[in-house]
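Biologist: Could you take me slowly through one part of this model, the stretch around a single helix, and then show me what surrounds it? I am new to this, so please go step by step.

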Amino acid sequence: MTSPGRTKTEQAYHALRRAIVVGDLAEDAPLDDAMLLTHYGFGRTPTREALKRLADEQFITYPPHRTPYVRGIKLGDLSRLYEARHLLEEPVARLAARRVTSARLDRLDWICDRIDEEIAAGHPYEAVEYDHEFHLEIAKSTDNRFLAESVNKLNCGSLRIWYLAHSRLGMETVNEGHRAVKAALVERDSEKAAVLVSEHIDTSYARQMELQKLDTIT
């Protein structure tokens, strides 16, 4: 299926991004040209351009002169990953509370509504993508593209584990934290925004730990 208005490279990028997040392309799986061309059929150049973008966004690892592979997050990496989120996203929230525009606030509302719709429809992948967009929109609200790029790359690398948590543990309460953060931004309360983002990140980490326990039991 093709999407109107998207180039072949964009179509390849979105198809491979989804396949990585939902696990159709397994962690550490080699992404050789022959397999991708046979399975997805986008052509060699669009596929390679898509892979370069996915590597830049931390979805895959693309070693020089070697076959790229899906980037994984090991159990031992989780605490450091969430430590990085705290160090990056809390000050971003403080700055966003001072600089956010009405248009950005409206956009955050729109994203929250889309998340609710996808949760109600039982679509964890779409909900995860909007979840990512919510955090990126907060970063964009700082009016600092370097912070936005950093948040984007850090959280792109996390989408796979977000998807696992959403699909296996449920999504019903996920959006509550988003709406609370958005309300703090409306109030221009920098410290409250940072505290709520911190709590939201802690909740996400706790869900990952719960997921690990389930895997141990099963």
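Which residue follows α8, and is its phi positive or negative?

Modeller: Happy to! Keep in mind that this is a predicted model. The residue that follows α8 is Gly-170, and its phi is positive, near 95°. The helix itself covers residues 159-169.

Let's look along the helix before we leave it. Its buried residues are Leu-159, Arg-160, Ile-161, Trp-162, Tyr-163, Ala-165 and His-166. In this list you will find a charged residue, Arg-160. Find Leu-159, Arg-160 and Ile-161 in the model, since they take us to an enclosed space: they are among the residues that line the largest cavity.

How do we know there is a space at all? Rolling a probe the size of a water molecule over the atoms shows where empty space is left. In this structure there are three cavities of 30 Å³ or more, and the largest one holds about 90 Å³ of space. With three residues, α8 gives the most to its lining. Helix α1, residues 8-22, also supplies at least two residues, as α8 does. Besides the three from α8, the wall includes Ile-20, Val-21, Gln-58, Phe-59, Arg-71, Gly-72, Ile-73, Cys-156 and Gly-157. Sorted by class, that wall has seven nonpolar, three polar and two charged residues.

Pause at Gln-58 in that wall, as its backbone links back to your question. Most residues other than glycine have a negative phi, and most peptide bonds are trans. Gln-58 has a positive phi, near 75°, although it is a residue other than glycine. You can find Gln-58 in the loop between α3 (44-56) and β1 (60-61). Gln-58 counts as partly exposed because its relative accessibility is 29%, between the limits of 20% for buried and 50% for exposed. Move on to the loop between β1 and β2 (69-70) and you meet His-65. His-65 is another residue other than glycine with a positive phi, here near 60°. This one is exposed, with a relative accessible area of 85%.

Now back to α8, which also takes part in the second largest pocket. This pocket has a volume of about 220 Å³. Of the 14 residues that line it, Val-174, His-200, Thr-203, Ser-204 and Arg-207 are the closest to its centre. The helices α6, α8, α9 (174-186) and α10 (190-217) each give at least two residues to its lining. The largest share, five residues, comes from α10. By class, three of the lining residues are nonpolar, seven are polar and four are charged.

From here we can follow α6, since that helix also helps to enclose the second largest cavity. About 40 Å³ of space lies inside this cavity. Its wall is made of Glu-89, Val-92, His-135, Ile-138, Ala-139 and Val-197. The elements that give two or more residues to this wall are α4 (78-99) and α6. The largest share, three residues, is from α6. By class, the wall has four nonpolar residues, one polar and one charged.

Helix α6 brings us to the aromatic rings. Counting ring pairs in the model gives two aromatic pairs. In one of them, Trp-110 and Tyr-130 meet edge-to-face, with 5.9 Å from centre to centre and 75° between the planes. The pair joins distant parts of the chain: Trp-110 is in α5 (residues 102-121) and Tyr-130 is in α6 (residues 124-140), 20 residues apart. Trp-110 is partly exposed, at 34% relative accessible area. Also in α5 is Ala-103, which is exposed at 57%. From Ala-103 to His-123 there are again 20 residues in sequence, and their C-alpha atoms are 27 Å apart in space.

Finally, step back to the wider stretch. An unreviewed UniProt entry carries the annotation "domain: GntR C-terminal" for residues 80-203. Over those residues the chain is 86% helix and 0% strand, with the end C-alpha atoms 15 Å apart.

Terms used. Residues are numbered from 1 along each chain as its sequence is written. This is a predicted model: local features need pLDDT of at least 70, side-chain atom pairs count only at pLDDT 80 or more; totals for chains, interfaces and linings use all residues. Side-chain values use heavy atoms; hydrogens and water are left out. UniProt positions are given in the numbering used here, feature names are shortened, and annotations may be inferred rather than shown by experiment. Helices (H or I, at least four residues) and strands (E, at least two) are DSSP runs, numbered from the N terminus. Rings of Phe, Tyr and Trp (its six-membered ring) pair if their centres lie within 6.5 Å; planes under 30 degrees apart count as stacked, over 60 as edge-to-face and the rest as tilted. Buried means under 20% relative accessible area, exposed over 50%, partly exposed in between (1.4 Å probe, protein chains only). On a 1 Å grid over the protein atoms alone, a cavity is a set of points where a 1.4 Å probe fits but cannot get out, and a pocket is an open set with protein on both sides within 12 Å along at least five of seven lines; lining residues have an atom within 4 Å of a point. Grid points are joined across faces, edges and corners, and a volume is the space filled by probe spheres set on the points.
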